[in-house]
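Work through these exercises with the model open beside you. Try each task before you read its solution.

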Amino acid sequence: MKTDSCPDCPTIGCFIRGFQNANPIATTRSQITVSSTMVVRATIIELPCLPFSPAEVFVPSSTKTLHLYEARFLALLDEVIAAGNNLLAHIVVQPVQGDNPGVASFVANYGCLAHIESVRRLDIGALVTIRGIGRLKMVSLTQVEPFIKSTVVPVTDDYPEDRESLSVSVEALRKTLAEVQQLQIKIKTARTELLQTPLEGALQWAEKGEPDQQIQAFVPGREERFSYAALQPVSGASPGELHKLLQERLKAMETMDTEVRLVNVTKYAEQSRASLAAKVALQSLQF
């Protein structure tokens, strides 16, 4: 399996084999520690899971295109489509030191509920576009062959009773992102680039939310959605800037306070705006 954001990354089949050979309890130890309060109030569902390396962390509001070509991943795709909900769990898998030498152990974290938006069948495999809906936590593995399945619960921020300050922060962020959007449109020159930028698509989703009532427990509130929407790749990003984006996404997935995340992503958006402005100015000198 390959992604559009990292087309040269190695297959993650090794992670699946690691799960198959590992002690399931050791593999999901960190994911089993779910508070009883969360389990009682949250929706618990079973989903097929696609594991990725930390470099492929996926945040709510984002989209990515996957090239699925291994038999097990195509079987996963068929099951998801047959279920009729087009949902799967996007998880980050990291190897950890297990108790038993020679036995592979992994921890799964940074989970995100993903909705399949489109599927295009190819001669070899399929191109699948997914959108991140909301964070999730794995509770218990229910299957490891031919692909991973697990029960999951939603993870959302704890919102303050007075959300007026959050609304003010969101509006300030939206203003900055509007400027980022205008700047990156000016810098787009490649004919292969999409007419709609990832940022524009993420902002539209953040404003509208998710209409499917069956998964509302997994959908973050409006302020939280906007705090993730800011973390999208921009046109002409350098390798260093993409690495910075990855670090910000990891930090955002760990943060449980919307206000803190909004402060962090606003600073990131301001840095992106300054970088794009400099690139646009340089570009104007070259013509």
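**Exercise 1. Overall make-up**

How many helices and strands are there in the protein chain? Then find what share of the residues counts as buried.

Solution. Keep in mind that this is a predicted model.
- Step 1: The protein chain has ten helices and seven strands.
- Step 2: It has 287 residues, and 47% of them count as buried.
- Step 3: Turn to the surface. The chain exposes about 14000 Å², and carbon and sulfur atoms supply 55% of that area.
- Step 4: Look at contacts with a separation of 6 or more. Residues 24 or more positions apart account for 73% of them.

**Exercise 2. Order the strands around strand 6**

Which strands pair with strand 6, and over how many bridges?

Solution.
- Step 1: Take strand 3, residues 63-68. Six bridges join strand 3 to strand 6, and the two run antiparallel. Lys 64 stands opposite Ile 130 in strand 6.
- Step 2: Take strand 5. Strand 5 and strand 6 pair in the antiparallel sense over ten bridges. Here the bridge partner of Ile 116 is Ile 130.
- Step 3: Combine the two steps. Ile 130 faces Lys 64 and is also the bridge partner of Ile 116.
- Step 4: Take strand 7, residues 148-154. Strand 6 and strand 7 are antiparallel, with six bridges. Lys 137 has Val 153 as its bridge partner, and Ser 140 stands opposite Thr 151.

**Exercise 3. Follow strand 7**

Is strand 7 mostly covered, or open? State which residues point each way, and find its pairing with strand 2.

Solution.
- Step 1: Strand 7 is mostly covered, with seven of its seven residues buried.
- Step 2: Recall the general pattern. In a regular strand, side chains alternate between the two faces of the sheet.
- Step 3: Apply it. Ile 148, Ser 150, Val 152 and Pro 154 point one way. Lys 149, Thr 151 and Val 153 point the other way. All are buried.
- Step 4: Strand 2, residues 45-52, pairs with strand 7 in the antiparallel sense over five bridges. Glu 46 has Thr 151 as its bridge partner.
- Step 5: Thr 151 therefore serves two partners: it bridges to Glu 46 and stands opposite Ser 140.**Exercise 4. Inspect the two hairpins**

How many residues lie between the strands in each hairpin?

Solution.
- Step 1: In the hairpin of strand 5 and strand 6, four residues lie between the strands. Gly 125 there takes a positive phi near 80°.
- Step 2: Asp 123 is found in the loop between these strands, residues 105-121 and 126-143. Asp 123 counts as exposed because its relative accessible area is 84%, and the cut-off is over 50%.
- Step 3: Check the distance to Tyr 69. Asp 123 and Tyr 69 are 54 residues apart in sequence and 9.6 Å apart in space, C-alpha to C-alpha.
- Step 4: The hairpin from strand 6 to strand 7 also runs through four residues. Pro 146 is in the loop between those strands.

**Exercise 5. Find the unusual backbone**

Which two residues are joined by a cis peptide bond? Where do Ser 61 and Tyr 110 lie?

Solution.
- Step 1: Start from the general rule. Most residues other than glycine have a negative phi, and most peptide bonds are trans.
- Step 2: A cis peptide bond joins Glu 145 and Pro 146, with omega about 0°.
- Step 3: Ser 61 has a positive phi, near 90°. Ser 61 lies in the loop between strand 2 and strand 3. Ser 61 counts as buried because its relative accessibility is 1%.
- Step 4: Tyr 110 also has a positive phi, near 50°. Tyr 110 lies in strand 5. At 18%, Tyr 110 counts as buried, since the cut-off is under 20%.

**Exercise 6. Check cysteines and rings**

How many disulfides does a search of the whole structure find? Which arginines lie over the face of a ring?

Solution.
- Step 1: The search finds zero disulfides.
- Step 2: Check two cysteines. Cys 49 is buried, at 0% relative accessible area. Cys 112 is buried at 0% as well.
- Step 3: A search for aromatic pairs also finds zero.
- Step 4: Arg 72 lies over the face of Phe 73, at 5.5 Å from the ring centre. Arg 225 lies over the face of Trp 205, at 6.0 Å from the ring centre.

Terms used
Residues numbered from 1 in each chain as written. Predicted model: local features only at pLDDT ≥ 70, side-chain atom pairs only at ≥ 80, totals over all residues. Heavy atoms only, no water. Buried < 20%, exposed > 50% of the residue type's maximum accessible area, 1.4 Å probe, protein only. Disulfide = S-S within 2.5 Å. Phe/Tyr/Trp six-rings, centres within 6.5 Å; stacked < 30°, edge-to-face > 60°. Lys NZ or Arg CZ within 6 Å of the ring centre and 35° of its normal. Contact = heavy atoms within 4.5 Å. Areas by Shrake-Rupley, 256 points an atom, 1.4 Å probe, with all protein chains shown as cover. Pairing = 2+ DSSP bridges.
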